[in-house]
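Subject: Structure handover

Hello,

Here is the structure I said I would pass on. My notes on it come after the display.

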Amino acid sequence: MTGINGYPVGIKLDENNVPADTSKVVPPDLQTLHICLSGRSGSGKSTQFETALLHNQRATTGSDIVFDSKGDGMLKEFLRIKYAADGTLADVLYFDLEETVPAIGFFDIRGQLQDGHSRQQAINRIADHYL
């Protein structure tokens with residue numbers, strides 16, 4: 001996957017399930033806010049993300065910020081891949097959030113419950129705010 005200009009999200013398959021020469025890519029001008037990568041456990045999200053982030057860093061300006069709440073080593077694996085590809089990590093800032101940032105309860109609904117909202121209303125308000 002050389003010459004990819006953006007965030008690759010998949011490889012097109014022909015009618016015989018043979019990969020095409022080109023990838024499906026989210027170009028930089030469509031990446032105005034966030035990209036969410038989701039899927040079942042074991043579906044290849046981490047592997048796809050590592051490859052896509054490396055290509056996307058080369059295609060875009062600005063920062064790529066990744067929060068790895070799972071802590072399964074995916075980001076450290078990405079750093080190894082990036083170093084192997086670029087020979088440097090000079091443009092990377094890595095923070096272990098468990099050591100750097102205190103725990104923040106983004107989805108804490110206690111305050112809304114105290115304000116008289118029902119549990120379902122509080123959950124919906126938090127989900128609407130963050131998601």
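The notes below go from the overall layout to the individual contacts.

Please keep in mind that this is a predicted model.

Overall layout

The protein chain has 131 residues, and 18% of them are buried. It contains 5 helices and 2 strands. Read from the N terminus, the order of the elements is β-β-α-α-α-α-α. The chain has an accessible surface of about 10300 Å², and carbon and sulfur atoms contribute 52% of that. Among contacts with a separation of 6 or more, 38% are between residues 24 or more positions apart.

The strands

Strand E1 covers residues 7-13 and strand E2 covers residues 19-26; the two run antiparallel and are joined by 5 bridges. Within this pairing, Gly10 of the protein chain is found opposite Lys24 in E2. E1 and E2 make a hairpin, with 5 residues between them. One of the turn residues, Asn17, has a positive phi of about 65 degrees.

The core

Which residues make up the largest nonpolar core? There are 9 of them: Tyr7, Phe49, Ala52, Leu53, Leu54, Met74, Leu75, Phe78 and Leu79. Two elements, helix H1 (45-59) and H2, give two or more residues each to this core. Phe78 is a useful residue to look at here. Apart from neighbours within four places in sequence, Phe78 is in contact with Glu50, Leu53, Leu54 and Gln57. Two of these partners, Leu53 and Leu54, are also listed in the core.

The surface patch

A nonpolar patch lies on the surface, formed by Ile65, Phe67, Leu93, Phe95 and Leu97. Together these residues have about 630 Å² of accessible area. Phe95 sits in the loop that runs between helix H2 (74-86) and helix H3 (97-100). Asp96 is in the loop between H2 and H3 as well. Asp96 counts as partly exposed because its relative accessibility is 29%, which falls between the limits of 20% and 50%. Asp96 and Phe67 are 29 residues apart in sequence, while their C-alpha atoms are 9.6 Å apart in space.

Salt bridges

As a general point, side chains of opposite charge can pair when their charged atoms come close. The count of salt bridges in this model is 4.

In helix H2, Glu77 forms a salt bridge with Arg80, with 3.0 Å between the closest N and O atoms. Glu77 and Arg80 are 3 residues apart, about one turn of the helix. Are they buried or exposed? Glu77 has a relative accessibility of 31%, so it counts as partly exposed. Arg80 has a relative accessible area of 52%, so it is exposed.

Helix H2 also holds Asp86 and Lys82, which are 4 residues apart, again about one turn of the helix. Their side chains meet in a salt bridge at 2.6 Å, N to O. Lys82 counts as buried because its relative accessibility is 2%, under the limit of 20%. Asp86 is partly exposed, with a relative accessible area of 32%. This pair does not stand alone: Lys82, Asp86 and Asp91 are linked in a network of salt bridges.

The side chains of Asp108 and Arg110 meet in a further salt bridge, with an N to O distance of 2.6 Å. Asp108 has a relative accessibility of 33%, so it counts as partly exposed. Arg110 has a relative accessibility of 57%, so it counts as exposed.

Where to start

For a look at the structure, I suggest this order. Begin with the E1 and E2 hairpin, then turn to the core residues, including Phe78. After that, look at the surface patch with Phe95, and finish with the network that links Lys82, Asp86 and Asp91.

Regards

Conventions: Residues are numbered from 1 along each chain as its sequence is written. This is a predicted model: local features need pLDDT of at least 70, side-chain atom pairs count only at pLDDT 80 or more; totals for chains, interfaces and linings use all residues. Side-chain values use heavy atoms; hydrogens and water are left out. Two strands pair if DSSP finds at least two bridges between them. Patches are made of residues with over 30% relative accessible area and no salt bridge: like charges are joined within 9 Å, nonpolar side chains (Val, Leu, Ile, Met, Phe, Trp, Tyr) within 5 Å. Accessible areas come from the Shrake-Rupley method with a 1.4 Å probe; for residues, only the protein chains shown count as cover. A nonpolar core is a set of buried Ala, Val, Leu, Ile, Met, Phe, Trp, Tyr and Cys residues joined through side-chain atoms within 4.5 Å. Buried means under 20% relative accessible area, exposed over 50%, partly exposed in between (1.4 Å probe, protein chains only). Contact means heavy atoms within 4.5 Å.
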